[in-house]
Amino acid sequence: MAKRREKENTGAGDGEGRESRVSRDWTDGHVERWLPVLPGLDPDIEGAVTRMKKLTVHLRRVREQSLVDFALERHEFDTLHKLAGRGGRATPSELAADLDLAPASVTGRLDGLEKRDLIRRTPSKTDRRRVDVELTASGRSIWLGAMDVLGHEEYRLLGVLSGEERAQFSDMLRRIMVVAEEGGGAHWQ
């Protein structure tokens, strides 16, 4: 494949417009190896899908390392995340629905998180039969810390694109996701 030249765009808005060579990545070699084997292979589709897979694996590894760094199990993070997404307060049944789990499974998760002082359960102020779950300051801090690690990596990766390019990229992925979701179900959540 011929190397292309294009304007370097760091997303930093330096405005210098320097020329730079487009760097090759692992996927370029992968596509080159498969083209002779599968002559009908569309190199752009194979390249895009392979890069999405590799980026997903990379971001998953960053996320898993952030959980180790903050001494969280994945299920603990997921529970804190869903709770934070509800403004830091929810009922166990709401969390069970958000996590797509049986209520008994959520109870076990909450027990562990409460022992670590990451959440607290209090009687509902509106219904005496109900219990509310809320993030503690410690729970919010640990959740935010783990989120920040992944967020920094996401910004580092996508920061090579300008704001306009990021919007275009997001729009293109949305168009692809709409097609994927048409035959999907709850597994996209």
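Student: What percentage of the 189 residues in the protein do buried residues make up?

Tutor: This is a predicted model, in which local features need pLDDT of at least 70 and side-chain atom pairs count only at pLDDT 80 or more, while totals for chains, interfaces and linings use all residues. Residues are numbered from 1 along each chain as its sequence is written, and side-chain values use heavy atoms, with hydrogens and water left out. Taking buried as under 20% relative accessible area, exposed as over 50% and partly exposed as in between, with a 1.4 Å probe and protein chains only, the buried share of the 189 residues is 24%.

Student: How much of the accessible surface of the protein belongs to carbon and sulfur atoms?

Tutor: Accessible areas come from the Shrake-Rupley method with a 1.4 Å probe, and for residues only the protein chains shown count as cover. The total for the protein is about 13,100 Å². Of that surface, the part belonging to carbon and sulfur atoms is 54%.

Student: In what order do the elements of the protein run from the N terminus on?

Tutor: Helices (H or I, at least four residues) and strands (E, at least two) are DSSP runs, numbered from the N terminus. The protein has seven helices and five strands. Read from the N terminus, their order is β-β-α-α-α-β-α-α-β-β-α-α.

Student: Which element gives the largest share of the largest nonpolar core?

Tutor: A nonpolar core is a set of buried Ala, Val, Leu, Ile, Met, Phe, Trp, Tyr and Cys residues joined through side-chain atoms within 4.5 Å, and in the largest one, with 20 residues, Leu72, Leu80, Leu83, Leu95 and Ile119 touch the most other members. Two or more residues are given to this core by each of helix H3 (74-85), H4, H5, strand S5 (131-135) and helix H6 (137-158). The largest share, four residues, comes from H3.

Student: Which residues does Leu80 touch, not counting those up to four places away in sequence?

Tutor: Contact here means heavy atoms within 4.5 Å. With residues up to four places away left out, the list for Leu80 is Leu72, Leu113, Leu118, Ile119, Leu135, Gly139 and Trp143.

Student: Why is one side of S3 and of S4 left without a neighbour in the sheet?

Tutor: Two strands pair if DSSP finds at least two bridges between them, and three strands form an open, antiparallel sheet in the order S3-S5-S4. Strand S3 (89-90) and S4 stand at the edges of this sheet, and one side of each lacks a neighbour because each has a single partner strand.

Student: Which residue in S5 is the bridge partner of Arg89?

Tutor: S3 and S5 run antiparallel and are joined by two bridges. In one pair, the partner that S5 provides for Arg89 is Glu134.

Student: At about what angle to S5 does H3 run?

Tutor: Axes are lines fitted to C-alpha atoms, for helices over the stretch in contact, and angles run from 0 to 180 degrees between N-to-C directions. H3 lies across S3, S4 and S5, and its angle to S5 is about 100°.

Student: Which helix is included in what covers the buried residues of H1?

Tutor: The buried residues of H1 are Thr27, Asp28, Gly29, His30 and Val31. Thr27, at a relative accessible area of 2%, is in contact with Gly47, Thr50, Arg51 and Lys54 when neighbours within four places in sequence are left aside. The cover over the buried residues of H1 includes helix H2 (43-69).

Student: With which residue does the side chain of Glu32 make a polar contact of 3.0 Å?

Tutor: Glu32 also sits in helix H1, and its relative accessible area of 31% makes it partly exposed. A polar contact is a pair of N or O atoms within 3.5 Å; within protein, one must be able to donate a hydrogen and the other to accept it, and residues adjacent in sequence count only if both atoms are side-chain atoms. The side chain that Glu32 meets in this way, at 3.0 Å, is that of Arg24.

Student: Near what value is phi of Asp100, a residue other than glycine?

Tutor: Asp100 lies in the loop between helix H4 (92-99) and helix H5 (103-115), where it is exposed at a relative accessible area of 70%. Phi of Asp100 is positive, with a value near 55°.

Student: Near what value is phi of Asp117?

Tutor: Asp117 belongs to the loop between H5 and strand S4 (119-123), and at 44% relative accessibility it counts as partly exposed. Its phi is positive in a residue other than glycine, near 60°.
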